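Reader: I am new to this structure and would love a close look at one part of it. Could you walk me through the largest cavity and what surrounds it?

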Amino acid sequence: MTDQLRLMAVHAHPDDESSKGAATMAKYVSDGVDVLVVTCTGGERGSILNPKLQGDAYIEEHIHEVRKKEMDEAREILGVKQEWLGFVDSGLPEGDPLPPLPEGCFALEDVEKAAGELVRKIRAFRPQVITTYDENGGYPHPDHIMTHKISMVAFEGAADTEKYPEAEFGPAYQPQKLYYNQGFNRPRTEALHQAMLDSGLESPYADWLKRWKEFERVERTLTTHVPCADFFEIRDKALIAHATQIDPDGGWFKVPMELQKKVWPTEEYELAKSLVDTSLPEDDLFAGIRDNA
């Protein structure tokens, strides 16, 4: 009864939905699950990362509109619904010491108040499952960390009528499971790196693995491996739709598709909260929910 299953993916910027869990979402859409991407900011302060588009005066002046159009295209490719939370991109501060965050940006919003906007989305869409980022944001971008914070508050707050009155935020609702995206995990990176070397190919992950050691990243618990290799092409097509952010000739696409499917045919998640019984490891975000839908 997949018409009753609903998945909400909460992301910081347009393009994050296509680089984190996109194949999973496309798989569930194909299965008949209702999938909604909630994008917290418009990506207004994002740099133009595709060297082929750098220096384009129109894009630089209209980056917000351009990124919105890219999001529209990616949404159609993935087959998901998508809504904006309406906050302003904080940008990625650089330098030593780091400069202060810009006034009015997402990362400086009051967490409880900002979470209220996500509560509205949750209560309206009523997802059983929510995906978001871990406490480190996946990587330490202030908007990713803020996305984590408001997701955790909203997961509980959607059912809290004292903190978020129904008259203002809609009828109370309690999601059943919350996951952290963990697609950029070390086991996957090492497996693909070795497979490239074994095939006589240059691996795009050598530098990643060096940096992993430098940053001394704490390994996460991968509780859930969703088989979705049949949707890797859709994932890549959606990612390429974010043309200002992704170079189609860049490292993202260096591993041959058939090698990816053979060596690592899943996307990974960390189960952070569950109000239903489930057995770990899982291969389905709706484990423990599907039978009762």
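**A look at the largest cavity**

Author: Happy to! Let us start with the make-up of the walls: by class, the lining of the largest cavity has five nonpolar, five polar and one charged residues. Please keep in mind that this is a predicted model.

Rolling a probe the size of a water molecule over the atoms shows where empty space is left. Here the structure holds one cavity of 30 Å³ or more, and about 50 Å³ of space lies in the largest cavity. To find the place on your screen, look for Leu7, Ala9, His11, Lys20, Gly21, Thr24, Met25, Thr131, Asn181, Tyr269 and Leu285, which line the largest cavity. Two elements, strand S1 (6-11) and helix H2 (22-30), each give two or more residues to this lining. S1 gives the most, with three residues.

Now follow S1 outwards into its sheet. Seven strands form an open sheet in the order S3-S2-S1-S4-S5-S7-S6, with mixed pairing. Strand S3 (81-87) and strand S6 (224-227) stand at the edges with a single partner strand each, so one side of each is left without a neighbour in the sheet. On average, neighbouring strands of this sheet are turned by 30° against each other, direction ignored.

At the S6 edge, the partner is strand S7 (residues 266-274), and the two pair in the antiparallel sense over four bridges. For one of these contacts, find Val226: its bridge partner in S7 is Glu267. Tyr269, one of the residues lining the largest cavity, has a number that falls within the residues 266-274 of S7, which brings us back to where we began.

Notes. Residues are numbered from 1 along each chain as its sequence is written. This is a predicted model: local features need pLDDT of at least 70, side-chain atom pairs count only at pLDDT 80 or more; totals for chains, interfaces and linings use all residues. Side-chain values use heavy atoms; hydrogens and water are left out. On a 1 Å grid over the protein atoms alone, a cavity is a set of points where a 1.4 Å probe fits but cannot get out, and a pocket is an open set with protein on both sides within 12 Å along at least five of seven lines; lining residues have an atom within 4 Å of a point. Grid points are joined across faces, edges and corners, and a volume is the space filled by probe spheres set on the points. Ala, Val, Leu, Ile, Met, Phe, Trp, Tyr, Cys and Pro count as nonpolar, Asp, Glu, Lys and Arg as charged, and the others, Gly among them, as polar. Two strands pair if DSSP finds at least two bridges between them. Axes are lines fitted to C-alpha atoms, for helices over the stretch in contact, and angles run from 0 to 180 degrees between N-to-C directions.
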